[in-house]
Amino acid sequence: MLARALRRLLSAAGLAAGVSLILLLVFDSGLLGDPALIETGPKASAQRIGEARLRLGAFSAYEPRLATLHVAGPPQRFVLRSAGDALELRTLDGSQRWRVPLTGRTVQQALAELDGASPAPGWRLSLTPGPGAQERAQAPASGIAAALRGASQSLDTGRGAELAWAEAVPAWRRYGRRIGELFRGDFGVTRTGQPIGAELWSRARRSLALAVPAFLLSTALALALALWAAVRRGWLDRVLAVLSVAGMSVSWVAAIPLLQRWLAADLRWFPIYGWEPPYWTYLLLPILIWTVLGLWADLRFYRSLALEELHQEYVRNARAQGLGGARVLRRHVLRNILVPVLAQSVSALPALALGSLLIERFFGVPGLGGYTVDAVLSGDQAVLRAVTFLSAMCFLLFQWLADLACAWADPRYGARP
Amino acid sequence: MRKWVALLLAYLVLGAAAALHLVGADHAVQHYGRESVPPGAGFWLGTDHLGRDVLALTLQGLRISLQVGTVAAGLAVSLGAALGMAAGWYRGAVDRAAVWLSSAVAAIPAILLILAIGFMLGQGYLSAIAAIAAVSWVGVFRVVRAETERQKTRDYVLAARGAGAGTLQVLPRHILPNLLPMLLVQLALHFVYAVNTEVILSFLGVGVAEQPSWGRTILFGVHDLAEGHPWPLAAVTVAMFGLIFPVQRLADHLRDRLDPRAAAPR
């Protein structure tokens, strides 16, 4: 048993590593989209993008006012961009391009080359050192291009453009730090600077107050109905079978507001929306709706389990010896299907995320689901990453515990690899 | 069985009709002065608070759902089947790596991972499809891997291999045909999953945004409902049920007849 527990713990640790790698791939690698640009929008100014990179950990230092660049000549708009490790200046129509290589130079050298240079025949650049120029004089000039990555800045004749400087964190070090932060439980801050970790815990309590009763109620109700259908058979069984498929086919997003309207606004049985003392009154209707909507898939699965079990010989034997139906059910059938029921409920745990996402949004419960939805709507990756990581870790923990419980309750289950 | 297929076909035709604008109503037109009209002549299902024809909106949403559902389910099943067959056939390191990857994906609540991928990819049709497929292949992988492993030691496979057939002949020519019934069931189940998920994504502002997906119509419908006009929301609810229920029944029938061991997607 101990060996099994350790072995399972080891494989759960491997999966935890896999989860963190997947989240790294989704959020940090830039494979799906540049994280900073997603926060600011693609048309944001270079300075806003740079500040977002600093906050997201892509920059370890950011100096937005290194120097101000001016261009003199006939009216023209130039575009400043980073081109690899070089700084590129081109006219708006793209007919003239000029590159300043930055590799292996210091900021001082690069600025000296820019001052007085001619990006295109007829135009001349001039430079006013900003507050950062002195301080970063000996820093590598490639930081000027790094600060412009993913952004573009316009430089008009007669109007200056700020040059910025940034120290980019190498990707592998950024990934390592991110994984370390996740496993330490250091989830950082939201876009508005609120710490995420503390918020998660207080919100998790409210989410659990909603999800746990709903989960237990729907599981118990599904189990009871399934046993009833399996024992009675006949029309009841057939009605429940069709109902369960119908119930599974109802869209939660559409059904929740309709039920909310009917039960809370029209019939006035429950408060409609909100979160204030006494809190439990605001939980009643969400729990009820969750139970009613979530019941059907379980019901179908449990019914097939119960049917299979009722046809076993030991049930016929117990009945032949004169045991009543209820007693056979309670002492023999229920006990035997508890292991698969437990195993299945754990695999259904991730589905709780969906329930809390939608129900908390519709009822204004300030839990993790509502937090996630708000994060998606306001474009806050850090919150989305934290909630996703935390719920995956909880799932792995429950999976491990349930596996041990099943192995303990049923040696046959334990023998399976 | 036959009537479910007939219902499905009717639905597909309706969806195609919407695509071709055969209904003669444009979902994007706002009829000024005729906002929140109850169902009746002119607007069979009424209008929403922006004065848009609810019937046209619902049909347009059906078209989007059919497309997203079919493509996402197709991708998920193809990916899951390919990886599952490879893992079940080769065993060893390939198998361990694939199982590890799929279990890691499965450890993350599907809706959150889909939401995260869709969020990073940005709004739109294709990103919704990609996000759903990138996560839901896991369920297909699991059943296909188990079945491939089982088929691998069957006599017909041993005979084929004994006759000199290599992996590239046995897998597509002999094992794949035996997996087809199971894949068909998985396709139907993942279609349902994809339709539901796209609606949720669009409702939350991550999926389809510029088109009247059912999720967007529900979002507006909640607004109408608060003002006492339930029909946009009711229309979408009924339409979604009408699409999902027959497919779900069809999947059940197929499963009972063809493949008693298949598991539903998570």
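This note goes through a predicted model of two chains, A and B, point by point.

1. Chain B as a whole. The secondary structure of chain B consists of nine helices and zero strands, so that reading along the sequence gives the pattern α-α-α-α-α-α-α-α-α. The C-alpha trace of this chain spans about 75 × 40 × 25 Å along its principal axes. Of its 266 residues, 55% count as buried. Among the contacts in chain B with a separation of 6 or more, 73% are made by residues 24 or more positions apart.

2. The interface between the chains. The size of an interface is often given as the accessible area lost when the parts come together. For chain B and chain A this buried area is about 3,800 Å², and 81% of it is on carbon and sulfur atoms. Three residues, B:L112, B:F119 and B:M120, supply 19% of the area that chain B buries against chain A, which is more than any other three residues supply. In terms of contacts, 39 residues of chain B touch 47 residues of chain A.

3. Charge pairing across the interface. Side chains of opposite charge can pair when their charged atoms come close. Between chain B and chain A the count is one salt bridge. A:R300 forms a salt bridge with B:D252, and the closest N and O atoms of these two residues are 2.5 Å apart.

4. A buried acid without a partner. Which side chain of opposite charge is nearest to A:D298? It is A:R300, but at 9.6 Å away, and A:D298, although buried, has no salt bridge. The cut-off for a salt bridge is 4 Å between a side-chain nitrogen of Lys or Arg and a carboxyl oxygen of Asp or Glu, and therefore a separation of 9.6 Å does not meet it. A:D298 lies in helix α11 of chain A, which covers residues 280-310. Leaving aside neighbours within four places in sequence, A:D298 is in contact with A:S218, A:T219, A:A222 and A:Q344.

5. Salt bridges within chain B. Over all chains the structure holds 25 salt bridges, and two of those in chain B are worth following in the model. In one, the side chains of B:E149 and B:R91 meet at 3.2 Å, N to O. This pair links distant parts of the chain, since B:E149 is in helix α5 (residues 125-152) while B:R91 is in the loop between α2 (54-90) and α3 (92-107), 58 residues apart. Both partners are partly exposed, B:E149 with a relative accessible area of 28% and B:R91 with one of 30%. In the other, the side chains of B:D95 and B:R145 meet at 2.6 Å, N to O. Here too distant parts of the chain are linked, with B:D95 in helix α3 and B:R145 in helix α5, 50 residues apart. B:D95 is buried, with a relative accessible area of 5%.

6. Salt bridges within chain A. Salt bridges that share partners join A:D28, A:R178, A:E181 and A:R385 into one network. A further salt bridge is formed by the side chains of A:E88 and A:R90, at 3.7 Å from N to O. Are these two residues buried or exposed? A:E88 is buried at 5% relative accessible area, and A:R90 is buried at 18%, because the cut-off for buried is under 20%.

7. Aromatic pairs. A pair of aromatic rings is described by the distance of the centres and the angle of the planes. A search of the whole structure finds nine aromatic pairs over all chains. The rings of A:F59 and A:Y62 have centres 5.9 Å apart and planes at 20 degrees, so this pair is stacked; A:F59 is buried with a relative accessible area of 3%, and A:Y62 is buried at 12%. B:F241 and B:F245 also form a stacked pair, with 5.0 Å from centre to centre and 10 degrees between the planes. Both lie in helix α9 (residues 231-258) of chain B, four residues apart, which is about one turn of the helix. B:F241 is partly exposed at 27%, whereas B:F245 is buried at 11%. In chain A, the residues A:F183, A:F187 and A:F389 form one aromatic cluster.

8. Charges over rings. The charged end of B:R52 sits over the ring of B:F220, 4.9 Å from its centre. The charged end of B:K152 sits over the ring of B:W89, 5.6 Å from its centre.

Terms used
Residues are numbered from 1 along each chain as its sequence is written. Chains are lettered from A and ligands numbered from 1 in the order in which they are written. This is a predicted model: local features need pLDDT of at least 70, side-chain atom pairs count only at pLDDT 80 or more; totals for chains, interfaces and linings use all residues. Side-chain values use heavy atoms; hydrogens and water are left out. Rings of Phe, Tyr and Trp (its six-membered ring) pair if their centres lie within 6.5 Å; planes under 30 degrees apart count as stacked, over 60 as edge-to-face and the rest as tilted. Buried means under 20% relative accessible area, exposed over 50%, partly exposed in between (1.4 Å probe, protein chains only). Helices (H or I, at least four residues) and strands (E, at least two) are DSSP runs, numbered from the N terminus. A charge sits over a ring if NZ of Lys or CZ of Arg is within 6 Å of the ring centre and within 35 degrees of the ring normal. Lys and Arg count as positive and Asp and Glu as negative; His and the chain ends are not counted. Contact means heavy atoms within 4.5 Å. Buried area is the accessible area (1.4 Å probe) that two parts lose on being put together, summed over both.
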